Amino acid sequence: MGGSEIQTRHKTVRTRSAPKDLMDPETGEVVGSSIIHVIEEKDEEHFVKVFAEGVRAAFDLSKTGARVFQAVLGEYQKSKLTGGYSDSVSLIWFDDGLNGHALDMSDRTFHNGLKELIAKGFLKPKLPNQYWVNPALFFKGDRVAFLREYRVKKRNAVERSATDLIEQSATP
């Protein structure tokens, strides 16, 4: 049976069973999967929020790290492109705001979040108040996909041996 597509007012849901769509990055093995692909259109402001929330969840950012990431992402979106891309962002904290825009956080909170983003590889210091950006996490595109794969957990050999022993001793 082939896939299907259902359109609602705000999103499109596509399904399919694809035997060769995913590759296990650890083994290189091509594995089959069932795919449910949801496509939602968002205005630019909501797109940035959804993107930031997806990144927060994927990288286990703290609440502070997520707030600072969203603020930095907003500044990155405003930066000018050079040669079709922007590889760095200027972040100047003054007058309780970032680059002249008020933020609802203290200087200390901002810098704690900034340290977390640096530690997790989102940003890398370039010059004072200027940071290289991770191009996988900062981009000026108009679409993003978060892929979450669920696998059935396999019992390990010790669990199987213990279960087999219990089952054997319970059999008359």
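Student: Before we start, what counts as a helix or a strand here?
Tutor: Helices and strands are DSSP runs, counted from the N terminus. A strand needs at least two residues (E), and a helix (H or I) needs at least four.

Student: Good. In what pattern do they come along the protein chain?
Tutor: Keep in mind that this is a predicted model. The protein chain holds 4 helices and 9 strands. Reading along the sequence, the pattern is β-β-β-α-α-β-β-β-β-α-β-β-α.

Student: What share of the contacts between residues at least 6 apart joins residues at least 24 apart?
Tutor: Here we're looking at the protein chain and leaving out pairs less than 6 apart in sequence. Of the contacts that remain, the share joining residues at least 24 apart is 52%.

Student: And how much of the chain is buried?
Tutor: Buried means under 20% relative accessible area. The protein chain has 172 residues, and the portion that counts as buried is 24%.

Student: Let's zoom in on helix 2. How far apart are its end C-alpha atoms, and what span should we expect?
Tutor: Helix 2 runs over residues 63–78, which makes 16 residues. At 1.5 Å a residue, the helix should span 22 Å. That agrees with the model, because the end C-alpha atoms are apart by 23 Å.

Student: Which residues of helix 2 are buried?
Tutor: Two glance-worthy spots are the aromatic positions Phe69 and Tyr76, both in the buried set. The rest of that set is Gly65, Ala66, Val68, Ala71, Val72, Leu73 and Glu75.

Student: Which element gives the most to the lining of the second largest pocket?
Tutor: That pocket holds about 280 Å³ of space and is lined by 14 residues, with Val48, Gln70, Ala71, Gly74 and Lys78 nearest its centre. Helix 1 (44–59), helix 2 and strand 7 (101–102) each give two or more residues to the lining. The top contributor, with 6 residues, is helix 2.

Student: How does that lining divide by residue type?
Tutor: Sort the lining residues of the second largest pocket into three classes. The split is 5 nonpolar, 4 polar and 5 charged.

Student: Now Ser88: is it buried or exposed?
Tutor: Ser88 is found in strand 4 (residues 88–90). Its relative accessible area is 11%, and the cut-off for buried is under 20%. So Ser88 is buried.

Student: With which side chains does the side chain of Ser88 make a polar contact?
Tutor: Leaving aside neighbours within four places in sequence, Ser88 is in contact with Tyr76, Lys126, Gln130, Tyr131, Trp132 and Val133. The Ser88 side chain makes a polar contact at 3.5 Å with the side chain of Lys126. At 3.3 Å, its side-chain partner is Gln130.

Notes
Residues are numbered from 1 along each chain as its sequence is written. This is a predicted model: local features need pLDDT of at least 70, side-chain atom pairs count only at pLDDT 80 or more; totals for chains, interfaces and linings use all residues. Side-chain values use heavy atoms; hydrogens and water are left out. The expected span of a helix is 1.5 Å times one less than its number of residues. Buried means under 20% relative accessible area, exposed over 50%, partly exposed in between (1.4 Å probe, protein chains only). A polar contact is a pair of N or O atoms within 3.5 Å; within protein, one must be able to donate a hydrogen and the other to accept it, and residues adjacent in sequence count only if both atoms are side-chain atoms. Contact means heavy atoms within 4.5 Å. On a 1 Å grid over the protein atoms alone, a cavity is a set of points where a 1.4 Å probe fits but cannot get out, and a pocket is an open set with protein on both sides within 12 Å along at least five of seven lines; lining residues have an atom within 4 Å of a point. Grid points are joined across faces, edges and corners, and a volume is the space filled by probe spheres set on the points. Ala, Val, Leu, Ile, Met, Phe, Trp, Tyr, Cys and Pro count as nonpolar, Asp, Glu, Lys and Arg as charged, and the others, Gly among them, as polar.
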